[in-house]
Amino acid sequence: MQPDLTPDRQAVLERLMTQYGTTLLRMCSIHLHDISLAEDAVQDTFLKAYKRLDDLRDDSSERAWLMSIAINTCRDYLRTAWFRHTDRRVSLELLPEPSCESIWPDATVITEVMSLPQKLREAVLLRYYQGMKLKEVAEALHISPSTVKQRLDRANTILRSRLERWYFNED
Amino acid sequence: MRTERNEFQQLVDHQLANVQWDHRMTGAVLRKLHQQEPVRRTPALRIALACAGVVLCLALVALSILNNPPAPDTVVATQPVHTTLVPVQVPDTRAEAVFQARQAVMEKYGLTLRTLGVFLDDCQLTDTGWVVTFETSGQINHHLAGVYTVEKQNGSITAAWSHDDVDPVLWAGGTLNRVAWGQEQLLYALGEGSSEAFAINQEINAIDGFTINYDYIEGTELWGDPLANADPQEGDIPVEEAIAAAREAIRQQFGLDPDQVYNTEGEPILTAAYAQMRQSASGIRVWLFTPAMDLPDDEYYVAICINARTGELERLEYTTLGNG
């Protein structure tokens, strides 16, 4: 189907890319464990978003809408045969070097988040990295807020067992 | 210690500080949008194609039986049916092609996900397969790292490196003081040798004449203090107005109609996608455009600063490759 390439729509897309590109790229990098693949996923996300711009209601959260598309795109990628047959466990050494010496006492928290089960990882990234409200996370994942809470609790339980001092504060 | 939400954000943003959405990616999205490229062939489509192939094969079997009906006294179950199963050729998607190409490079040249991660991939689908190239940008010099080209033709994959003709003795092992950078040099360049790699890249680029003096454009000499990335604010002129001012600057400087000028990739040179907002510590805000213009006599690398408050041209600098 021929996409509507009117300047207004394209301007919206360009704004979305400017506003959310980096945060989406980082979230997808953690979710997919692969930065190059995350670039593909985020590009796909924006192309899908462009085609669905009419679905974006004025009263809905633009960010939640975009994150929902991104999460679903990542799910598609994670379902591919390449992923199923490839060890996707990634350690921090495969991530780009931080721009300067780490000030963090223990950066393995990212690795541990990466190793969470997919459903828990999605909830953690949206809630704690994107800073979305429970209701927004629920909308993005198409589940109830109570299910989101359950998943976050389970993620916290796992993280507590693996990380001595780090866990998320959901109170 | 409990991890608050913003701490996790800071941690991720710190660890992934080098992971940035940039104008290259924006340009890729816009190109795909205009080229009508399929985003990704869905698994459902592939399954449908595979099913269609199976149905085709079954139809061939059925036709074979109909055209050669068994004799009435023949037991059908013992009658061998000779037919040819036609393999279903499902073309790779771009993503699949890049996956396979990455694996081919890693297997043949020993690169890892980390070192291959500094290469940008470009995939061209062909009638018989695809060609994927990997080339670096940014801090790893592309001349030294070379270009990896992986080609799939009729199911056969071959990988090549632009430094294949260089004696491995000249690049295997050791430091960055080599004519070509393989896995070991890349790994070093991404780690403790990152400053050295950056300096080498700068030096080579300066020799190439590829880089405009961005230090000057964004540096203290012009503004009194360095320019930093900034977000558009209320009171800034819209990017469209800045583009119009930049167009006028191009017209006056080069005597050209910007609409008739394209960059080295054949795209329009001034679009919102390539607009960057900068602000000096003293509060001067500018829209910065850095188009590359492919003109008949040479390639021009231009930097245009439009005052984000007044819409006036603050600065226009350019350099050429010196081909003219």
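Student: Where is H142(A) in this predicted model?

Tutor: H142(A) sits in the loop between α7 and α8 of chain A. Its phi is near 60°, a positive value. The residue is not a glycine. Most residues other than glycine have a negative phi.

Student: How do you know whether H142(A) is buried or exposed?

Tutor: Count C-beta atoms. H142(A) has 10 others within 10 Å. A count of 12 or fewer makes a residue exposed. H142(A) is therefore exposed.

Student: What makes the helices on either side, α7(A) and α8(A), oblique or roughly perpendicular?

Tutor: The crossing angle decides. Helix α7 covers residues 134–141 of chain A, and helix α8 covers residues 145–162. Their axes cross at roughly 100° and come within 8 Å. The range 65 to 115 degrees counts as roughly perpendicular. So α7(A) and α8(A) are roughly perpendicular to each other.

Student: Which residues make that contact of α7(A) and α8(A)?

Tutor: L134(A), K135(A), V137(A), A138(A) and L141(A) belong to α7(A). From α8(A) come P145(A), V148(A) and K149(A). By class, the contact has six nonpolar and two charged residues, and no polar ones.

Student: Why are α2(A) and α3(A) given the term they have for their orientation?

Tutor: Helix α2 (residues 35–51) and helix α3 (residues 62–79) of chain A pack at about 130°. Their axes are 9 Å apart. Roughly perpendicular stops at 115 degrees, and roughly antiparallel needs over 145. An angle of about 130° falls in neither class, so α2(A) and α3(A) are oblique to each other. The crossing of α2(A) past α3(A) is right-handed.

Student: What residues of α2(A) and α3(A) make the contact?

Tutor: On α2(A) they are L37(A), A41(A), V42(A), D44(A), T45(A), K48(A) and A49(A). On α3(A) they are L66(A), I69(A), A70(A), T73(A), C74(A) and Y77(A). The split is nine nonpolar, two polar and two charged.

Student: What makes helix α6 of chain A mostly covered?

Tutor: Nine of its twelve residues, in the stretch 118–129, are buried. Each of those nine meets the cut-off of 20 or more other C-beta atoms within 10 Å. Among them are L120(A), E122(A), R127(A) and Y129(A). Just after α6(A), G131(A) takes a positive phi of about 65°.

Student: Now chain B. How do you know that β3(B) and β4(B) pair?

Tutor: Pairing needs at least two bridges. Strand β3 (residues 148–153) and strand β4 (residues 156–161) of chain B have six, in the antiparallel sense. One of the partnerships joins Y148(B) to W161(B) in β4(B).

Student: Why is N154(B) called buried or exposed?

Tutor: N154(B) lies in the loop between β3 and β4 of chain B. It has 8 C-beta neighbours inside 10 Å. The limit for exposed is 12 or fewer, so N154(B) counts as exposed. Its phi is positive, about 50°, although N154(B) is not a glycine. The hairpin here has two residues between the strands.

Student: How many bridges join β6(B) and β7(B)?

Tutor: Four, in the antiparallel sense. The strands cover residues 276–280 and 285–289 of chain B. The cut-off of at least two is met, so β6(B) and β7(B) pair. Q276(B) has L288(B) as its bridge partner in β7(B).

Student: Which residue in the hairpin of β6(B) and β7(B) takes a positive phi?

Tutor: G283(B), with phi near 100°. This hairpin has four residues between the strands.

Technical notes. Residues are numbered from 1 along each chain as its sequence is written. Chains are lettered from A and ligands numbered from 1 in the order in which they are written. This is a predicted model: local features need pLDDT of at least 70, side-chain atom pairs count only at pLDDT 80 or more; totals for chains, interfaces and linings use all residues. Axes are lines fitted to C-alpha atoms, for helices over the stretch in contact, and angles run from 0 to 180 degrees between N-to-C directions. Angles under 35 degrees count as roughly parallel, over 145 as roughly antiparallel, 65 to 115 as roughly perpendicular and the rest as oblique. A crossing is left-handed if the near helix is turned anticlockwise from the far one by less than a right angle, and right-handed if clockwise. Two residues are in contact if their C-beta atoms, placed from the backbone, lie within 7 Å. Ala, Val, Leu, Ile, Met, Phe, Trp, Tyr, Cys and Pro count as nonpolar, Asp, Glu, Lys and Arg as charged, and the others, Gly among them, as polar.
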